[in-house]
Amino acid sequence: VFPLLLHAILNDFDQARNVLIHVASANMFTFTCHGLCITLTLPSLHTLTCLSVTPSQVGPAHIVMLNSYMDFNATSDQYKWLVQDLKRVDRSVTPWLICNMHAPWYNSDVNHHNEPEEMGMRAAMEPLFKQYDVDLVFSGHVHAYERMYPVYNNVTTPGATTYINIGDGGNREGPAFGYFEQPSWSAFREPAFGHGRLDLVNGTHAHFTWHKNLNTEPTISDDVWLIHNSAREDSDVNTGVFHVAARELDGFAPSHKF
């Protein structure tokens with residue numbers, strides 16, 4: 001189970017919009033939308049059919065769902081579909097490009113580590129993510145939380161895609177305990193159940209928090225701002241996002257216009 005609350009706070013819209021995204025399995029996707037206008041695409045299991053949700057207004061994110069358990073090589077329908085979908089993204093309309101799949105491409109937990117579908121899909125599609133500047137990737141499968149720094153080809157790379165594993169919605173087996181030595185691309189990890197919340201403040205700034213469920217009171221264990229490098233004056237790259245710990249942005253107002 002892979003819960004993600006995507007909460008968009010758009011300064012140029014009249015009010016905040018919310019969308020609740022819930023992935024129950026590798027091939028099941030449901031969502032609840034309360035006024036957030038997004039572009040959403042989903043390849044089916046057996047055909048090239050895709051589901052597009054394009055309300056009258058367009059929100060800040062283009063979200064792509066991929067299936068870890070269907071063909072993903074360069075000759076597959078899924079790969080061809082992904083190429084065509086990424087080509088259609090207009091970053092002036094949806095400045096945030098987010099992908100989701102069940103099995104994570106990067107994971108330092110000993111559970112589900114470097115499984116064939118994870119490594120094979122990454123080898124086939126990671127160059128596309130780099131080419132089209134995918135900002136964020138959310139995955140599940142591993143019943144623990146882990147946030148990665150921007151990484152490409154197993155190397156921490158400024159301007160590359162940020163991966164977040166949030167398969168920690170809960171299960172009867174308990175959290176996935178056990179880690180390998182922490183790689184340089186692993187920013188934060190914890191084997192506990194919880195959920196994530198992503199606030200898209202505007203086209204350049206997003207606020208991500210991970211909420212641990214073990215405590216009687218709500219506990220935010222990971223709190224980070226994700227800032228498009230293209231909006232940073234001191235950045236040497238203009239793709240991807242830069243991670244800034246929330247405590248370093250004390251007093252920052254979400255309604256602030258950049």
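A residue is called buried here when its relative accessible area is under 20%. The model on display is predicted, and the tour begins with one of its strands.

**Strand E14.** Select residues 205-212. Of the 8 residues in this strand, 8 are buried, so E14 is largely enclosed by the rest of the structure. In a regular strand, side chains alternate between the two faces of the sheet. Display the side chains of E14 next: His205, His207, Thr209 and His211 lie on one side, Ala206, Phe208, Trp210 and Lys212 lie on the other, and both faces are covered.

**The partners of E14.** Add strand E13, residues 194-200, which runs antiparallel to E14 and is joined to it by 7 bridges. The hairpin between E13 and E14 passes through 4 residues. For a reference pair, select His195, which stands opposite His211 of E14. Then add strand E15, residues 219-228; this strand is also antiparallel to E14, with 8 bridges joining them. Here Thr209 of E14 faces Asp223 of E15 as its opposite residue.

**The largest nonpolar core.** Move to Leu66, Leu82, Trp105, Met125, Phe129 and Tyr163, the residues with the most contacts inside a core of 26 residues. Helix H1 (77-88), strand E6 (96-101) and helix H2 (116-131) each give two or more residues to this core. Centre the view on Leu66: beyond four places away in sequence, its contacts include Trp81, Leu82, Met101, Met121, Met125 and Phe129, as well as Gln78, Asn100 and His102.

**The second core.** Finally, select Leu200, Ala206, Trp210 and Leu226, which are among the 18 residues of a second, separate core. Ala206 and Trp210 return the view to E14, where they share one side of the strand.

Technical notes: Residues are numbered from 1 along each chain as its sequence is written. This is a predicted model: local features need pLDDT of at least 70, side-chain atom pairs count only at pLDDT 80 or more; totals for chains, interfaces and linings use all residues. Side-chain values use heavy atoms; hydrogens and water are left out. A nonpolar core is a set of buried Ala, Val, Leu, Ile, Met, Phe, Trp, Tyr and Cys residues joined through side-chain atoms within 4.5 Å. Buried means under 20% relative accessible area, exposed over 50%, partly exposed in between (1.4 Å probe, protein chains only). Contact means heavy atoms within 4.5 Å. Two strands pair if DSSP finds at least two bridges between them.
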